[in-house]
Amino acid sequence: MLKFIFMNILLIAFVKEWWFIQISLFLMCFIFSCFMGHDFSVSGLGLSLGSDHLGFILIMLSMWIMALVICASQSIKKTNNSPSGFLVVNLLLLLALLLTFSATDYLLFYISFESSLIPTLILILGWGYQPERIQAGVYMLFYTLFASLPLLVSLLSFYSLGGSLTMGLVPCAESSNFITFMWYFCTIFAFVVKLPMYLVHLWLPKAHVEAPVAGSMILAGVLLKLGGYGLIRVLFLFPEVNKMFSWFWVSVSILGGVIVSFMCLRQVDIKSLIAYSSVAHMGLVLSGLVVFGWWGQTGAVVIMVGHGLCSSGLFCLANMVYERLGSRSLLVNKGLLNFMPSLGLWWFLLSIGNMAAPPTINLLGEISLILSVVSWSKLSMFGIGLLSFFSAAYTLYMYSMSQHGLFFNSLFSCCSGKVSEYLVLMLHWLPLNVLIVKTAMILPSF
Amino acid sequence: MFGPPGVSHLPQVCFHSCSAKMATITRLGRTALRLNNVLFRPRVLRIATISTSKKNKDTITISDAVVDHGKTKTEEATVETKKNWISWGFSYESEVKDNTLMHLTFFFGVTLCLVTTGFVWTYLPDFRMMDWAQREGYLELRRREELGLPLIDPNLIAIDKIEMPDDEELGNTEIII
């Protein structure tokens with residue numbers, strides 16, 4: 001595992017050459033994919049690093065999305081908007097993500113989890129477009145920090161109780177009294193805010209909208225999954241308390257997902273729409289995780305991968321439109337099939353991926369999650385049914401509003417997609433649709 | 001066997017003779033240099049127009065002359081031999097860099113990451129022991145059918161092997177089924 005960390009750190013020395021970083025990230029993905037093709041349940045151990053299959057899946061996802069981020073941010077290179085600084089920030093973010101997903105020690109996981117915030121903040125503040133990005137950065141930073149300091153306290157309590165913070169050697173908190181409940185809440189609140197769940201989701205639309213395309217893609221693609229990954233690693237430490245309180249997380253996340261889906265139908269900003277749809281998807285992920293069964297965990301991981309690819313691709317598309325037309329508003333970006341018919345293919349394919357159409361892995365994950373949550377409580381059928389229905393509704397709204405109909409009169413013609421843009425979108429879409437034939441690669445355990 | 005020169009198809013490696021190898025290498029070189037042709041642009045370009053109308057209009061006419069790059073000849077107009085090129089999207093300054101980067105990105109991104117990785121993943125032998133587990137399952141089913149045991153036993157372990165504590169030891173412990 002250290003070889004990838006070193007490759008990442010040493011790439012920072014080559015940031016003067018944009019093309020070199022772009023190529024090397026793809027090379028890193030290739031080498032890693034060969035590295036993860038084995039039977040061992042845990043591998044790459046050493047220096048409190050190592051991963052089981054769940055870690056492999058998410059490391060692969062983060063490296064892949066980072067490679068696509070660099071390919072999609074050509075405008076920073078073209079306008080010479082400090083490209084080497086941009087690459088350094090992105091590589092540091094990738095380093096933090098690699099350390100987070102491959103940590104076998106809870107403290108290393110926590111430190112890298114927190115340190116992934118700083119490059120994201122620098123990305124938003126440094127390369128964002130609008131003055132609102134200051135508030136967006138503040139929201140993101142303080143929401144996450146406020147929620148995760150209790151996590152530090154609870155990890156230190158585990159250390160003083162058990163003597164070790166190595167994953168798997170930490171004692172479970174068997175009892176279910178009030179103190180254990182507070183402990184449980186402090187531990188998982190950080191991940192619930194990161195996911196995000198409905199009531200603590202306000203940072204997400206702001207951060208996604210104000211970030212540059214790289215920031216949006218990385219945020220939607222990988223950083224939200226940090227919350228899910230953390231939950232998987234931490235939830236089993238509180239079996240009794242979780243059984244008592246999972247109803248709260250399921251209710252809030254599913255109902256919140258439904259409410260947020262309604263809000264999606266009212267959005268005018270494309271990026272804001274995609275950001276709210278991320279909240280809805282992650283609400284379903286949270287409910288599946290907290291239900292504590294095999295189906296829920298598997299569905300959650302599969303949706304995390306699928307959503308990472310799909311939302312990241314949609315943000316990439318929104319940025320392509322923004323680069324050409326100068327606006328993210330659906331009132332300006334309508335009738336795009338008249339201007340950019342070739343991009344309409346990718347709008348369609350990624351939109352249907354967002355609403356869990358076959359044969360995307362989103363469908364597999366959503367079916368697994370529906371199975372798990374409905375088996376936990378039949379009443380949740382209503383919420384989940386509304387969630388799935390409205391996810392299709394707002395995705396169709398976004399697609400139809402942006403592509404069909406008459407175009408905005410003050411628009412001129414624009415390029416219908418360069419080869420590099422097509423490549424980036426295709427590299428988003430192909431794993432999303434083709435991984436269904438080898439789902440053993442994305443299932444965390446069986 | 002190799003076709004006429006100038007036909008752009010994949011050169012085939014042949015082990016017949018040294019001259020054939022040289023021809024292969026030359027053709028490889030020619031294909032690779034097709035777009036990176038800065039060195040091969042003609043210094044002198046002959047232009048012959050086919051218009052038969054009188055050359056007394058207001059529009060700019062290109063005279064039937066030898067246009068030289070090095071000196072600033074002023075006939076009617078100088079013609080640039082630089083073709084308009086449409087960038088692939090990888091570099092907007094240099095066609096050579098754009099082309100090279102396009103090839104590199106597609107090789108590393110598609111050929112390596114999608115095709116080769118897909119191939120490796122598809123043909124991984126018994127990945128995560130799924131085939132083994134299914135075989136073992138079928139073998140166990142066959143064993144149980146032969147012995148007449150139930151295929152899925154409600155008791156995972158035989159009851160007589162489990163030692164349960166007495167009622168005194170249990171006391172007030174909650175029993176969850």
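This is a conversation between a student and a tutor about how terms are applied to a predicted model.

Student: Before we start, what are the ground rules for this model?

Tutor: The model is predicted, so local features need pLDDT of at least 70 and side-chain atom pairs count only at pLDDT 80 or more, while totals for chains, interfaces and linings use all residues. Residues are numbered from 1 along each chain as its sequence is written, chains are lettered from A and ligands numbered from 1 in the order in which they are written, and side-chain values use heavy atoms, with hydrogens and water left out.

Student: Good. Why is A:Asn242 called buried?

Tutor: Buried means under 20% relative accessible area, exposed means over 50%, and partly exposed is in between (1.4 Å probe, protein chains only). A:Asn242 has 0% relative accessibility, so it counts as buried.

Student: Where does A:Asn242 sit, and what is a helix here?

Tutor: A:Asn242 belongs to helix α12, residues 239-264 of chain A. Helices (H or I, at least four residues) and strands (E, at least two) are DSSP runs, numbered from the N terminus.

Student: What makes the pair A:Asn242 and A:Val290 a polar contact?

Tutor: A polar contact is a pair of N or O atoms within 3.5 Å; within protein, one must be able to donate a hydrogen and the other to accept it, and residues adjacent in sequence count only if both atoms are side-chain atoms. Here a polar atom of the A:Asn242 side chain and the backbone oxygen of A:Val290 are 3.2 Å apart, so the distance meets the limit of 3.5 Å.

Student: Which residues does A:Asn242 contact, neighbours within four places in sequence aside?

Tutor: They are A:Tyr184, A:Leu235, A:Val290 and A:Phe292, where contact means heavy atoms within 4.5 Å.

Student: How do you know that helix α10 of chain A is mostly covered?

Tutor: In α10 (residues 203-210), 7 of its 8 residues are buried. Among them are A:Trp203, A:His208 and A:Glu210. The cover over the buried residues includes α7, α8, α9, α11, α13 and α14 of chain A.

Student: What makes A:Cys29 buried, and what does it touch?

Tutor: A:Cys29 has 0% relative accessibility, so it is buried. This residue lies in helix α2 (residues 18-35) of chain A. Residues up to four places away in sequence aside, A:Cys29 touches A:Met60, A:Met63, A:Trp64 and, from chain B, B:Cys113.

Student: And why is A:Glu366 called buried?

Tutor: Its relative accessibility is 10%, so A:Glu366 counts as buried. A:Glu366 is in helix α17 of chain A, and beyond its neighbours within four places in sequence it contacts A:Leu284, A:Ile303, A:Ala356 and A:Ser388.

Student: What makes the group with A:Trp294 and B:Met130 a nonpolar patch?

Tutor: Patches are made of residues with over 30% relative accessible area and no salt bridge (a side-chain nitrogen of Lys or Arg within 4 Å of a carboxyl oxygen of Asp or Glu). Like charges are joined within 9 Å, and nonpolar side chains (Val, Leu, Ile, Met, Phe, Trp, Tyr) within 5 Å. This patch holds A:Trp294, A:Trp295, A:Ile367, A:Leu371, A:Phe446 and B:Met130, with about 620 Å² of accessible area together. Such areas come from the Shrake-Rupley method with a 1.4 Å probe; for residues, only the protein chains shown count as cover. Helices α14 and α17 of chain A each supply at least two of the patch residues.

Student: Why is B:Met130 called partly exposed?

Tutor: Its relative accessible area is 41%, so B:Met130 is partly exposed. B:Met130 lies in helix α3 (residues 130-147) of chain B.

Student: What is unusual to check at A:Leu47, and is it buried or exposed?

Tutor: A:Leu47 is not a glycine, although its phi is positive, about 60°. The residue lies in the loop between β1 and β2 of chain A. With a relative accessible area of 65%, A:Leu47 is therefore exposed.

Student: What about B:Asp126, and why is it called partly exposed?

Tutor: B:Asp126 also has a positive phi, near 50°, in a residue other than glycine. This residue is in the loop between α2 and α3 of chain B. Its relative accessible area is 21%, so B:Asp126 is partly exposed.

Student: Which peptide bond before A:Pro196 is called cis?

Tutor: The bond joining A:Leu195 and A:Pro196 is cis, with omega about -5°. A:Pro196 is in the loop between α9 and α10 of chain A.
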